[in-house]
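Please walk through this model with me, starting from a backbone detail and working towards the interior.

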Amino acid sequence: MAIVITVAQQKGGTGKTTLAANIAAALATSRRVALLDIDPQHSLTRWNELRPKTAAKITFSDVSGWRVTGELDRLKATHDIVVIDSPPHIDTDARLAIRGANLVLIPVQPSAPDIWAADGTLKLAAAEKRKATLVLNRVPSSGKLRETMTAQLKADGKPLMTATIGNRTGFASAFADGLAVTETAPRSIAANELRALLAELLEMIG
Ligand SMILES: Nc1ncnc2c1ncn2[C@@H]1O[C@H](COP(=O)(O)OP(=O)(O)O)[C@@H](O)[C@H]1O
Ligand SMILES: [Mg+2]
């Protein structure tokens with residue numbers, strides 16, 4: 001049976017779609033991966049349409065509403081990993097995606113509004129008895145923001161991944177070509193950060 005990673009966070013622009021695409025593509029070289037886009041904005045669907053035929057194969061699906069649970073079951077039966085990208089609000093679809101997850105990944109930029117918004121997703125995951133973790137995304141390379149935010153989140157008792165993702169232009173340029181940073185620039189810092197994130201994610205899921 002497949003592992004399901006749901007990327008969720010009720011605030012827009014925190015990096016859900018970017019991380020969903022990059023995680024899926026990086027895993028697709030060694031595993032059977034499916035992506036499920038339940039965000040009506042469908043930016044991940046656009047990414048998939050741009051994905052070169054030669055790139056590692058990912059099964060793609062973009063259902064919504066009552067079809068989410070059935071589609072998830074169908075994808076789980078024939079894949080090792082299913083990654084779900086969810087909308088920037090908590091609705092029934094997002095709830096179903098969290099319910100179906102082995103792990104809920106909540107990207108936050110190191111800013112107070114992102115962290116406040118993450119609380120709603122954390123509560124929902126707790127209500128559904130699902131493991132959830134925050135991950136710092138778009139961390140600026142200079143300054144103490146990362147340390148300050150990490151200390152604050154830890155003090156608040158929030159689950160936080162050790163791996164962080166920096167603010168790297170490579171994510172936007174890879175996305176525009178339907179690719180992941182591990183595909184466009186495998187030796188880049190962005191790719192290294194992504195691989196570290198994946199290793200930690202897989203360890204958390206067990
Ligand atoms: N680590 C990163 N470094 C640089 N830009 C990023 C990073 N993560 C996301 N972005 C950019 O931030 C914007 C919002 O990301 P997106 O994944 O669409 O967020 P969401 O799906 O949560 O709304 C996009 O323009 C994306 O390219
Ligand atoms: Mg999105």
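## A walk through the model

In this predicted model, Gly178 follows directly after H7 and takes a positive phi of about 70°. Two residues that are not glycine also have positive phi. Most residues other than glycine have a negative phi. His42 has a phi near 55° and sits in the loop between E2 and helix H2 (43–50). Its surroundings make His42 partly exposed, with 17 other C-beta atoms within 10 Å. Arg138 likewise has a positive phi, of about 55°, and lies in the loop between strand E6 (131–136) and helix H6 (145–155). Arg138 is buried, because 20 other C-beta atoms lie within 10 Å and the cut-off for a buried residue is 20 or more.

Back at H7, the buried residues are Phe171, Ala174 and Phe175. Seen down the axis of H7, they fall within an arc of 100°, so they line one face of the helix. An α-helix has 3.6 residues a turn, so residues three or four places apart point the same way. The face of H7 turned away from this buried side carries the exposed residues Thr169, Ala172 and Ala176. The cover over the buried residues of H7 includes H1, H2, helix H8 (181–184) and H9.

Ala172 leads on to the ligand. Of the 17 residues around ligand 1, those that come nearest are Gly15, Lys16, Thr17, Thr18 and Ala172. Two elements give two or more residues to this shell, namely helix H1 (16–27) and helix H7 (169–176). By type, the shell around ligand 1 divides into nine polar, five nonpolar and three charged residues.

H9, part of the cover of H7, spans residues 189–205 and contains Leu194. Leu194 is buried, with 25 other C-beta atoms within 10 Å. Leaving aside neighbours within four places in sequence, Leu194 is in contact with Asn22, Ala26, Ile165, Val181 and Thr182. Its C-alpha atom is separated by 15 Å from that of Ile106, which is 88 residues away along the chain.

H1 matters again in the interior count: it gives eight residues, the largest share, to the largest nonpolar core. That core has 57 residues, of which Ile5, Ala20, Ala24, Val82, Val83 and Ala97 touch the most other members. Taking Val83 as one of them, its contacts beyond four places in sequence are Ile5, Val7, Ala20, Ile23, Ala24, Val33 and Leu35.

Next comes helix H3 (residues 67–78). At 1.5 Å a residue its twelve residues should span 16 Å, and the end C-alpha atoms are 17 Å apart, which agrees. The buried residues of H3 are Val68, Glu71, Leu72 and Leu75. They fall within an arc of 105° seen down the axis, so they line one face of H3. Gly70 and Ala77 are the exposed residues on the face turned away from that side. The buried residues of H3 pack against strands E1 (3–7), E2 (33–37), E3 (58–61) and E4 (81–85), and against helix H4 (92–99).

H4 in turn has Asp93, Ala94, Leu96, Ala97 and Ile98 as its buried residues. What covers them includes E1, H3, E4, strand E5 (103–108) and helix H5 (112–127). Ala97 of H4 is also among the core residues that touch the most other members.

How values were computed: Residues are numbered from 1 along each chain as its sequence is written. Chains are lettered from A and ligands numbered from 1 in the order in which they are written. This is a predicted model: local features need pLDDT of at least 70, side-chain atom pairs count only at pLDDT 80 or more; totals for chains, interfaces and linings use all residues. Helices (H or I, at least four residues) and strands (E, at least two) are DSSP runs, numbered from the N terminus. The expected span of a helix is 1.5 Å times one less than its number of residues. A residue is buried if 20 or more other C-beta atoms lie within 10 Å of its own, exposed if 12 or fewer, and partly exposed in between; C-beta atoms are placed from the backbone. The arc is that of the directions from the helix axis to the C-beta atoms. Two residues are in contact if their C-beta atoms, placed from the backbone, lie within 7 Å. A residue is near a molecule or strand if its C-beta atom, placed from the backbone, lies within 6 Å of it. Ala, Val, Leu, Ile, Met, Phe, Trp, Tyr, Cys and Pro count as nonpolar, Asp, Glu, Lys and Arg as charged, and the others, Gly among them, as polar. A nonpolar core is a set of buried Ala, Val, Leu, Ile, Met, Phe, Trp, Tyr and Cys residues joined through C-beta atoms within 7 Å.
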